[in-house]
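Visitor: I would like a close look at one part of this protein rather than a tour of the whole chain. Please take one residue and follow what surrounds it.

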Amino acid sequence: MKITMIGTGNAFAKAYYNNNALVETEHMKLLIDCGITLPYALYQSGKTFDELDGILISHIHADHIGGLEELAFQMMYTYHRKPVLYIAESLIEPLWSQSLQGGLAQGELNSIDCFFHVVALQPDVDVQLAEDLKVRLLKTDHIPGKDSFSFLINDHFFYSADMVFNPRLLLELQEAGVHTFYHDCQLESPGVVHTSLEQLLTLPLELQRKIKLMHYGDTIGNYIGKTGEMTIVEQGKPSIIE
Ligand SMILES: O=c1ccn([C@@H]2O[C@@H]3COP(=O)(O)O[C@H]3[C@H]2O)c(=O)[nH]1
Ligand SMILES: [Zn+2]
Ligand SMILES: [Zn+2]
């Protein structure tokens, strides 16, 4: 499996695109999240919306869903194909009524199903998206009162999206055989709605060696050499995950 971060920046980053990922296997190209900057960042990476086999959404913040309107319109009017949207069932209605409806709805095009093949996912259930790509949603804490999900991919790869520090979950996943963690990282403490670098640095070194930092701010350059055993994910650079 190949993963390329189309962006590694946090919601306010200006030197980096929004933290969105392209996961590629032999049988599938899956976009994880589709933020405000995704349409331009994808274009800069030389790819088009039409190449995507599906889009997986973690939660409803603009750096994760703000590019869906353009994606939906381009798929309808440029590529004439409905994109597949994988999303937790609890997020479908709010995604439409609190975000997408204002821009997309017109006349009879008045539901999310007019624009996407929506595949509703349940937390803690493995879903085979392709013969070589399996995803499990893990409900994790981010904003109080709003659902947000992290992803376990092919049993061994954890992708936090946005979450507050949960060392117990990380240690449990390591125990269960997860060998690569892509984790959001709030550089300046406190993390508040994210996990701070300071918190991640309290993890055992063996676990830190498996963690790669993403969703960071523009000051990441000041932290080179200060991330313990953890490495920093580079935007646009593909990594192979076994
Ligand atoms: O209670 C809140 C809600 C939001 N925020 C900020 O807004 C950003 C929205 O996108 P994000 O989830 O990537 O990061 C969030 C934070 O930077 C915050 O600091 N506290
Ligand atoms: Zn975010
Ligand atoms: Zn968020």
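Visitor: Between which strand and which helix is the place of H194?

Guide: Keep in mind that this is a predicted model. H194 is in the loop that runs between strand 11, residues 180–184, and helix 6, residues 197–200. Its relative accessibility is 12%, and H194 counts as buried because the limit for that word is under 20%.

Start with the side chain. H194 makes a polar contact of 2.8 Å with the side chain of D184. D184 appears again among the residues that H194 touches when neighbours within four places in sequence are left aside. That list holds H142, D162, M163, V164, F165, D184, Q186, Q199 and H215. Several of these names will come back below.

Next, the ligand. The residues around ligand 1 are A11, F12, H61, D63, H142, I143, D162, V193, H194 and H215. For three of them a polar distance to an oxygen atom of ligand 1 can be given. A polar side-chain atom of H194 is 2.9 Å from such an oxygen. For D162 the distance from a polar side-chain atom to an oxygen of ligand 1 is 3.0 Å, and for H215 it is 3.1 Å. D162 and H215 are among the contacts of H194 as well.

Now consider the space itself. Rolling a probe the size of a water molecule over the atoms shows where empty space is left. The largest pocket found in this model contains about 190 Å³ of space. H194 is one of its lining residues, together with N10, A11, F12, I36, H61, A62, D63, H142, D162, Q186 and H215. By type, the lining divides into four nonpolar, six polar and two charged residues. If you compare lists, H142, D162 and H215 are found in the pocket lining, around ligand 1 and among the contacts of H194. Q186 is in the pocket lining and in contact with H194.

The loop that holds H194 has some backbone features to look at. Most residues other than glycine have a negative phi, and most peptide bonds are trans. Against that background, S189 and P190 are joined by a cis peptide bond, with omega about 0°. P190 sits in the loop between strand 11 and helix 6. V192 is found in the loop between strand 11 and helix 6 too, and has a positive phi of about 60° although V192 is not a glycine. V192 is exposed because its relative accessible area of 64% is over 50%, whereas H194 is buried.

Follow H215 one step further and you reach N19. The side chain of N19 comes to 2.7 Å from the backbone nitrogen of H215. N19 lies in the loop between strand 1 (2–5) and strand 2 (21–24). At 0% relative accessibility, N19 counts as buried. Beyond its neighbours within four places in sequence, N19 is in contact with M5, G7, T8, G9, D33, H64, Y159, M214 and H215. H215 can thus be read as a link in this account: H215 is in contact with H194, has a polar atom 3.1 Å from an oxygen of ligand 1, and is reached by the side chain of N19 at its backbone nitrogen.

For contrast, look at a void that does not have H194 in its lining list. One cavity of 30 Å³ or more is counted, and the largest cavity has a volume of about 40 Å³. Its lining consists of F49, L52, D53, G54, I55, L71, M75, R81, P83 and V84. Strand 4 (54–56) and helix 3 (68–77) each supply at least two of these residues. The cavity lining divides into seven nonpolar, one polar and two charged residues, while the pocket lining has four nonpolar, six polar and two charged.

To return to the starting point: H194 is a buried residue with a 2.8 Å side-chain contact to D184 and a polar atom 2.9 Å from an oxygen of ligand 1, and H194 is part of the lining of the largest pocket.

Definitions and conventions. Residues are numbered from 1 along each chain as its sequence is written. Chains are lettered from A and ligands numbered from 1 in the order in which they are written. This is a predicted model: local features need pLDDT of at least 70, side-chain atom pairs count only at pLDDT 80 or more; totals for chains, interfaces and linings use all residues. Side-chain values use heavy atoms; hydrogens and water are left out. On a 1 Å grid over the protein atoms alone, a cavity is a set of points where a 1.4 Å probe fits but cannot get out, and a pocket is an open set with protein on both sides within 12 Å along at least five of seven lines; lining residues have an atom within 4 Å of a point. Grid points are joined across faces, edges and corners, and a volume is the space filled by probe spheres set on the points. Ala, Val, Leu, Ile, Met, Phe, Trp, Tyr, Cys and Pro count as nonpolar, Asp, Glu, Lys and Arg as charged, and the others, Gly among them, as polar. Helices (H or I, at least four residues) and strands (E, at least two) are DSSP runs, numbered from the N terminus. Buried means under 20% relative accessible area, exposed over 50%, partly exposed in between (1.4 Å probe, protein chains only). A polar contact is a pair of N or O atoms within 3.5 Å; within protein, one must be able to donate a hydrogen and the other to accept it, and residues adjacent in sequence count only if both atoms are side-chain atoms. Contact means heavy atoms within 4.5 Å. A residue is near a molecule or strand if one of its heavy atoms lies within 4 Å of it.
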